[in-house]
Amino acid sequence: MRRIAAILAVSVIGLSGAALLAAPAGARVSSASGLCNALTKLHYTPSSNPTALGGEANAKKLAKAFNNAAKKAGGDLKSALKTIAKYFNDAASANTTALQADAQPFASAISKYVAAVANCVAGGNLPGGVTIPTIPSQ
């Protein structure tokens with residue numbers, strides 16, 4: 001379980017770093033908004049417990065962080081943030097059936113999250129023709 005949580009956390013952090021590239025037009029968020037603050041400062045303090053209980057704690061913290069950010073969002077982005085939170089809740093409970101079912105929606109949600117963060121970082125001034133590819137949901 002710890003390994004799954006660590007992989008998920010690294011994936012989200014890595015994808016957040018990719019957000020420095022750019023965002024598609026549909027993911028525009030005002031860089032001065034409270035939502036941008038919530039998205040760009042979304043973080044958690046990982047558990048130092050090396051057991052499965054530590055992984056569970058990390059997944060729960062990530063779920064809470066994404067749920068808190070979703071409270072400030074609307075529309076597709078709010079839905080995406082809630083999907084990410086649900087995925088981490090499933091990881092915390094070691095619900096492998098739900099994790100498998102949620103894998104494609106999670107990938108699509110991460111794409112929307114990264115696009116929104118990229119727009120916040122770029123301040124809405126994206127270079128022409130630069131986009132982050134989207135992952136279609138099923």
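Visitor: Why is E56 called partly exposed?

Guide: In this predicted model, E56 has a relative accessible area of 25%. Partly exposed covers the range between under 20%, which is buried, and over 50%, which is exposed, so E56 is partly exposed.

Visitor: What makes the contact of E56 with K60 a salt bridge?

Guide: The closest N and O atoms of E56 and K60 are 3.0 Å apart. The cut-off is 4 Å between a side-chain nitrogen of Lys or Arg and a carboxyl oxygen of Asp or Glu, so the pair qualifies. Both residues lie in helix α3, four residues apart, about one turn of the helix.

Visitor: Why does D90 count as buried?

Guide: The relative accessibility of D90 is 9%. Buried means under 20%, and therefore D90 is buried. Its salt-bridge partner K86, with closest N and O atoms 3.2 Å apart, is partly exposed at 42%.

Visitor: How do you know that D102 and K86 form a salt bridge?

Guide: Their side chains meet at 2.9 Å, N to O; the limit is 4 Å, so the criterion is met. This pair links distant parts of the chain, with D102 in helix α5 and K86 in helix α4, 16 residues apart.

Visitor: Is D102 buried or exposed, and what value shows this?

Guide: D102 has 13% relative accessibility. Because buried means under 20%, D102 is buried.

Visitor: Which residues are linked in a network of salt bridges?

Guide: The network links K86, D90 and D102. The structure holds three salt bridges.

Methods. Residues numbered from 1 in each chain as written. Predicted model: local features only at pLDDT ≥ 70, side-chain atom pairs only at ≥ 80, totals over all residues. Heavy atoms only, no water. Helix = DSSP H or I, 4+ residues; strand = E, 2+ residues; numbered from the N terminus. Buried < 20%, exposed > 50% of the residue type's maximum accessible area, 1.4 Å probe, protein only.
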